[in-house]
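Colleague: I'm new to this one, so could you walk me through a single part of it, the charged side chains? I'd like to know how they pair up and where some of them sit.

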Amino acid sequence: MDGTRTARILVLGGDHIGPEVAAAGVEILRLCAEIAGMDIAIETDLLGGASWDVHHSFCTDDVLAKAQAADAVLVGSVGGPEWDEIVVTGPVTEQDGLIKLRVGLGVYNALRPARSWKSLHAVTPFRASVIDGADVLVVRENAGGSYFGEPRGTETLADGQVRAFEMSEYRTPEVERIARCAFEAAGSRRGRVASLDKANVMETGRLWRDTVARIGREEYPDIELEHLYMDYALYALCVKPKEFDVIVTDNLFGDLVSDMTGALAGSLGMLPSASLPGPGRVEVAIGPAIFEPAHGSAPDIAGTGIANPIGSILSVAMMFQYAFARSDVATAIESAVERTLDSGIRTPDIGGTATTAAITDAVKTALLNQANERK
Ligand code: IPM
Ligand code: MG
């Protein structure tokens, strides 16, 4: 985005620590837009339990329409025990606000990067030699599989047993398009894709493997592709994480593996994500996408001001990269985060005592310093 048009950002803080970390992200967003000379307009609304309490819907049609009209959506985090027991009848999109948003925006490509940070090696469960330089990107299929397959349901059988079921289902085009996203991403990284599946037991796994292999062979012959069984891949990620570059996998497996990669960074609180309606080539701005930290709503620390805002701040970096085609700003944010961590300022999840506000201020100071150094 070149500053000739106002970028519209919808901020949906969600529940518990969600609004706290989203506010930190917004501070960084405003500062970076100012430094970059970009015009932005920010609107906020409700999502998740906060929306349920007011509207009896986890994501209203009105919020979805606002998201569809925006250039980017920044989400905090949703959910909490207060709303766990609520069962909404109808499609799965009514049961979870985030899922409704994902479907409504068609964001089938979830990019979940995780890297190791030198100054945080000691707070990870890994030896420095195992993780130094680890840098992986999970490309999660975000719009299909067992999250959406029909039929699904829970029923009481004649003998009184309760039967719950869902369908894991993929069609060729769904796998083809996410495979392309992974190969594209690998092309601007280290050129390697690991595709994870359970082709040894699952029908969808076989389709997944054959399809990813064909797209790789026919369209991306220069990208190195390996297929790993999901179970072994989790083991390999723990013992030799540096061997991974891009990981592509289905919706459920991607949900699982992307949390695991949080251990490489030192905390789930460090991880950003972007859910895009297309491959997200770096130079091309694409339609409304969702940017959100990978962590949950952490009800136990809500309101105490100690939530780690870095996942949200790095999600804003991804917003600049993918929604505004400003990878220069994304890089600047990442450097500012690195400087902050190197200076020893940390929230409790990464071994410190600093508050959300203190981290956010430190990142802002680093951004301003960097901007002055460039002048
Ligand atoms: C995630 C979350 C969501 C998911 C939940 C909140 C529906 O775990 O974004 O990883 O399962 O996709
Ligand atoms: Mg998850």
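Modeller: Here is a stroll through the charged side chains, pair by pair and then on to a patch.

First, some ground rules: this is a predicted model, where local features need pLDDT of at least 70 and side-chain atom pairs count only at pLDDT 80 or more, while totals for chains, interfaces and linings use all residues. Residues are numbered from 1 along each chain as its sequence is written, chains are lettered from A and ligands numbered from 1 in the order in which they are written, and side-chain values use heavy atoms, with hydrogens and water left out.

Side chains of opposite charge can pair when their charged atoms come close. Searching the whole structure turns up 28 salt bridges (a side-chain nitrogen of Lys or Arg within 4 Å of a carboxyl oxygen of Asp or Glu).

Take Glu-373 and Arg-339, whose side chains meet in a salt bridge at 2.8 Å, N to O. Glu-373 lies in helix H13 (residues 356-374) and Arg-339 in helix H12 (residues 327-342), so this pair ties together parts that are 34 residues apart in sequence. Helices here are DSSP runs of H or I with at least four residues, strands are runs of E with at least two, and both are numbered from the N terminus. Glu-373 counts as exposed at 53% relative accessibility, whereas Arg-339 is partly exposed at 36%. On that scale, buried means under 20% relative accessible area, exposed over 50%, and partly exposed in between (1.4 Å probe, protein chains only).

Next come two strands. Glu-224 forms a salt bridge with Arg-192, and their closest N and O atoms are 3.5 Å apart. With Glu-224 in strand S9 (residues 224-229) and Arg-192 in strand S8 (residues 192-197), the pair ties together parts that are 32 residues apart in sequence. Glu-224 is partly exposed at 48%, and so is Arg-192, at 28%.

Glu-169 and Arg-171 also meet in a salt bridge, 3.0 Å from N to O. Glu-169 is partly exposed, with 25% relative accessible area, while Arg-171 is exposed at 54%. There's a network of salt bridges too, linking Glu-43, Asp-45, Asp-62 and Lys-66.

Finally, the patch: Asp-53, Glu-82, Asp-84 and Glu-85 form a negative surface patch. Its members must have over 30% relative accessible area and no salt bridge, with like charges joined within 9 Å. Asp-84 is found in the loop between strand S3 (72-77) and helix H4 (97-105), and at 55% relative accessibility this residue counts as exposed.

Methods:
Patches are made of residues with over 30% relative accessible area and no salt bridge: like charges are joined within 9 Å, nonpolar side chains (Val, Leu, Ile, Met, Phe, Trp, Tyr) within 5 Å. Accessible areas come from the Shrake-Rupley method with a 1.4 Å probe; for residues, only the protein chains shown count as cover. Lys and Arg count as positive and Asp and Glu as negative; His and the chain ends are not counted. The place of a charge is taken as NZ of Lys, CZ of Arg, CG of Asp or CD of Glu.
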